[in-house]
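Student: I'd like a close look at one part of this model: how the strand pairing is put together. Please take it slowly, and bring in whatever packs against it or links it up.

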Amino acid sequence: MERLGAASPARVLYVSCDPATLARDVERLGTAYWISGLHVFDLFPQSSRVETLLVLDRGDGPARGDA
């Protein structure tokens, strides 16, 4: 995550099967990114597992009232 933060891409797409590691890694990126999209996929309907796609964009995010 440190290398990703140092590279400063405009957008990060993060796919995760573990909400705890997703939260940990997003926290490591700090405040340089904001969550512009979140999609949850139930690929294993007979289990408690979910896949998550998180879209992070660099910057301050939308102005208040635009979201």
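Tutor: Two strands count as paired if DSSP finds at least two bridges between them; strands (E, at least two residues) and helices (H or I, at least four) are DSSP runs, numbered from the N terminus. On that basis, three strands make up an open sheet, ordered β1-β3-β2, with antiparallel pairing. At the edges sit β1 (11–16) and β2, each pairing on one side only. From one strand to the next, the twist averages 15°.

Before we zoom in, remember that this is a predicted model: local features need pLDDT of at least 70 and side-chain atom pairs count only at 80 or more, while totals for chains, interfaces and linings use all residues. Residues are numbered from 1 along each chain as its sequence is written, and side-chain values use heavy atoms, leaving out hydrogens and water.

For context, the protein has two helices and three strands, and along the sequence they come in the pattern α-β-α-β-β. The C-alpha trace spans about 40 × 30 × 15 Å along its principal axes. Contacts (heavy atoms within 4.5 Å) are mainly long-range: among those with a separation of 6 or more, 58% are between residues 24 or more positions apart.

Now for β1. Its partner is β3 (residues 51–58), and the two pair in the antiparallel sense over six bridges. One register point to look for is serine 16, which stands opposite threonine 52 in β3. In a regular strand, side chains alternate between the two faces of the sheet. You can follow that along β1: Val12, Tyr14 and Ser16 point to one face and are buried, whereas Arg11, Leu13 and Val15 point to the other and are not. Buried here means under 20% relative accessible area, exposed over 50%, and partly exposed in between (1.4 Å probe, protein chains only). Over the whole protein, 21% of the 67 residues count as buried.

Helix α2 (residues 19–29) lies across β1, β2 and β3, and runs at about 160° to β1; for that angle, axes are lines fitted to C-alpha atoms (for helices, over the stretch in contact), and values run from 0 to 180 degrees between N-to-C directions. Two charged residues to find are arginine 24 and aspartate 25, which form a salt bridge with the closest N and O atoms 3.0 Å apart. By salt bridge I mean a side-chain nitrogen of Lys or Arg within 4 Å of a carboxyl oxygen of Asp or Glu. Arginine 24 is partly exposed at 39% relative accessible area, but aspartate 25 counts as buried at 8%.

A search of the whole structure turns up four salt bridges. The one to study for the sheet joins aspartate 57 to arginine 11, with the closest N and O atoms 2.7 Å apart. Aspartate 57 lies in strand β3 and arginine 11 in strand β1, so this pair ties together parts that are 46 residues apart in sequence. Aspartate 57 is buried, with a relative accessible area of 11%. Further along, glutamate 51 bridges to arginine 49, and here the closest N and O atoms are 3.4 Å apart. Glutamate 51 is buried too, at 14% relative accessibility, while arginine 49 is partly exposed at 41%. Bridges with shared partners also join Arg24, Asp25 and Arg28 into one network.

Finish at the other edge. Valine 40 belongs to strand β2 (residues 33–41) and is exposed, with a relative accessible area of 54%. Together with Ile35 and Leu38, Val40 makes a nonpolar surface patch of about 290 Å². Patches take residues with over 30% relative accessible area and no salt bridge, joining like charges within 9 Å and nonpolar side chains (Val, Leu, Ile, Met, Phe, Trp, Tyr) within 5 Å; the areas are Shrake-Rupley values with a 1.4 Å probe, and for residues only the protein chains shown count as cover. The whole protein exposes about 5,000 Å², with carbon and sulfur atoms supplying 55% of it.

One last stop, just ahead of β1: serine 8 is in the loop between α1 (2–7) and β1. Its phi is near 55°, a positive value in a residue other than glycine.
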